[in-house]
Amino acid sequence: MENFLQQLLNGVTWGGIYALIALGYTMVYGVLKLINFAHGDVYMVGAMTGYYVAHALGFAGHPSVFGLAVTLVAAMLACGLLGALIERVAYRPLRLRGAGRLAPLITAIGVSLLLENAGQLVFGADPKFFPPLLESRELVRVGGVAISNIQAAVLGTAVTLMAGLEFVVMRTRFGRAMRAVSYDGPAAALMGVPVDRVILGTFVLGSALAAAAGILVGLSNPKIEPLMGVMPGIKAFVAAVLGGIGHIPGAMVGGILLGVVETLVAGYLSSTYRDAIAFVVLIAILLYRPTGLFGAPQTEKV
């Protein structure tokens with residue numbers, strides 16, 4: 001039982017990271033009906049930005065909560081700007097020209113490949129090791145279950161950011177505008193909602209959360225490299241589909257569930273199946289509940 005609880009804790013911690021990335025997928029899909037496949041690479045840029053910021057400001061050799069906070073905010077700002085640039089340059093011209101669904105999807109794949117190759121060119125193809133922004137130590141032990149300060153920081157940051165996003169979406173003017181655009185974009189525009197700014201803000205928010213996930217991964221798994229966003233990006237997409245694509249609380253729950261299932265499979269069966277389980281979950285959810293756990297069936301008039 002103690003081993004199970006430890007694995008469960010590890011899974012929830014890792015699932016919180018998946019949830020942060022999945023939120024970017026589900027928010028963009030909610031307002032644009034677009035799967036932004038470049039989102040996983042924005043997460044990579046966030047980790048790389050944190051690596052260089054930590055070294056530039058001298059936090060690499062001096063672990064502290066302040067250094068972690070500054071690095072986190074810097075990475076979120078940088079990736080928020082990157083998300084705004086991607087939306088403005090890659091997606092908005094297609095949307096204004098009424099390009100349909102296929103062209104933006106191909107563009108998303110192209111932007112993903114561009115970021116991956118640009119990352120190898122700018123950052124170098126060799127792996128880097130994220131600086132220890134917190135000194136790892138055991139924080140609490142309950143029976144045989146140990147909670148480290150790294151796990152507490154990762155889980156606490158993820159929960160805080162998810163709660164902050166829920167507040168923004170449900171309690172602010174921008175959140176109301178986002179929900180209006182998600183429900184009916186043309187009608188929202190007729191009512192005076194600035195649709196372009198809402199979509200831009202959605203990309204900024206999603207990209208900032210992906211950057212935070214990149215920093216948190218760097219804390220718990222220090223090895224980072226320019227292709228690190230490929231598999232977590234796919235898994236986060238699976239988490240978004242599992243919870244119900246376009247449903248924000250569903251993306252949070254889906255990410256945590258996927259992290260728990262993945263960790264339990266790796267702990268009790270074999271780590272070889274760690275990556276495969278995400279695709280098993282995706283196939284199962286598409287076969288038996290295509291709308292996800294929290295998604296509602298939608299009818300289309302023909």
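**Close-up 1. Thr-71 and the residues it touches.** Setting aside neighbours within four places in sequence, Thr-71 is in contact with Gly-50, Val-53, Ala-54, Phe-59, Leu-133 and Ile-215. As you explore this and the other views, keep in mind that the model is predicted. To find Thr-71 for yourself, look in helix H3. Is Thr-71 buried or exposed? Its relative accessibility is 0%, so Thr-71 counts as buried.

**Close-up 2. Ala-75, also found in helix H3.** Helix H3 covers residues 65–96, and Ala-75 sits in it. Which residues does Ala-75 touch, if those up to four places away in sequence are not counted? They are Gly-46, Thr-49, Gly-50, Ala-211 and Ile-215. Ala-75 has a relative accessible area of 0%. Buried means under 20%, so Ala-75 is buried. Now look for Tyr-43: Ala-75 and Tyr-43 are 32 residues apart in sequence, and from C-alpha to C-alpha they are 9.7 Å apart in space. You can meet Tyr-43 again in the next view, where it belongs to helix H2.

**Close-up 3. Helices H1 and H2 packed together.** Two packed helices are described by the angle between their axes and the distance between the axes. Here the partners are H1, made of residues 2–32, and H2, made of residues 39–56. Their axes are 10 Å apart and the angle is about 135 degrees. That angle makes H1 oblique to H2, because angles over 145 degrees would be needed for roughly antiparallel. The crossing of the two helices is right-handed. Which residues meet here? From H1 come Ile-21, Gly-24 and Tyr-25, and from H2 come His-39, Gly-40 and Tyr-43. The residues of this contact divide into three nonpolar, three polar and no charged.

**Close-up 4. Lys-33, in the loop between H1 and H2.** Follow the chain through the loop between H1 and H2 and you will find Lys-33. What is the sign of its phi? Lys-33 has a positive phi of about 55 degrees, although it is not a glycine. With a relative accessible area of 30%, Lys-33 is partly exposed.

**Close-up 5. The hairpin of strands E2 and E3.** Strand E2 covers residues 138–142 and strand E3 covers residues 145–148. The two strands run antiparallel, and four bridges join them. Try matching up the partners across the hairpin: Glu-138 stands opposite Ser-148 in E3, while Arg-141 stands opposite Ala-146 in E3. In a regular strand the side chains alternate between the two faces of the sheet. How many residues lie between the strands of the hairpin? There are two, and in this hairpin Gly-143 takes a positive phi near 65 degrees.

**Close-up 6. Leu-242 in helix H9.** Our last stop is helix H9, made of residues 230–243, where Leu-242 lies. Leaving aside neighbours within four places in sequence, Leu-242 is in contact with Gly-254, Leu-257, Leu-258, Val-281, Ile-285, Gly-292 and Leu-293. Its relative accessibility is 11%, so Leu-242 counts as buried. For a sense of distance, find Val-198 too: Leu-242 and Val-198 are 44 residues apart in sequence and 25 Å apart in space, C-alpha to C-alpha.

Note on methods. Residues are numbered from 1 along each chain as its sequence is written. This is a predicted model: local features need pLDDT of at least 70, side-chain atom pairs count only at pLDDT 80 or more; totals for chains, interfaces and linings use all residues. Side-chain values use heavy atoms; hydrogens and water are left out. Two strands pair if DSSP finds at least two bridges between them. Axes are lines fitted to C-alpha atoms, for helices over the stretch in contact, and angles run from 0 to 180 degrees between N-to-C directions. Angles under 35 degrees count as roughly parallel, over 145 as roughly antiparallel, 65 to 115 as roughly perpendicular and the rest as oblique. A crossing is left-handed if the near helix is turned anticlockwise from the far one by less than a right angle, and right-handed if clockwise. Contact means heavy atoms within 4.5 Å. Ala, Val, Leu, Ile, Met, Phe, Trp, Tyr, Cys and Pro count as nonpolar, Asp, Glu, Lys and Arg as charged, and the others, Gly among them, as polar. Buried means under 20% relative accessible area, exposed over 50%, partly exposed in between (1.4 Å probe, protein chains only).
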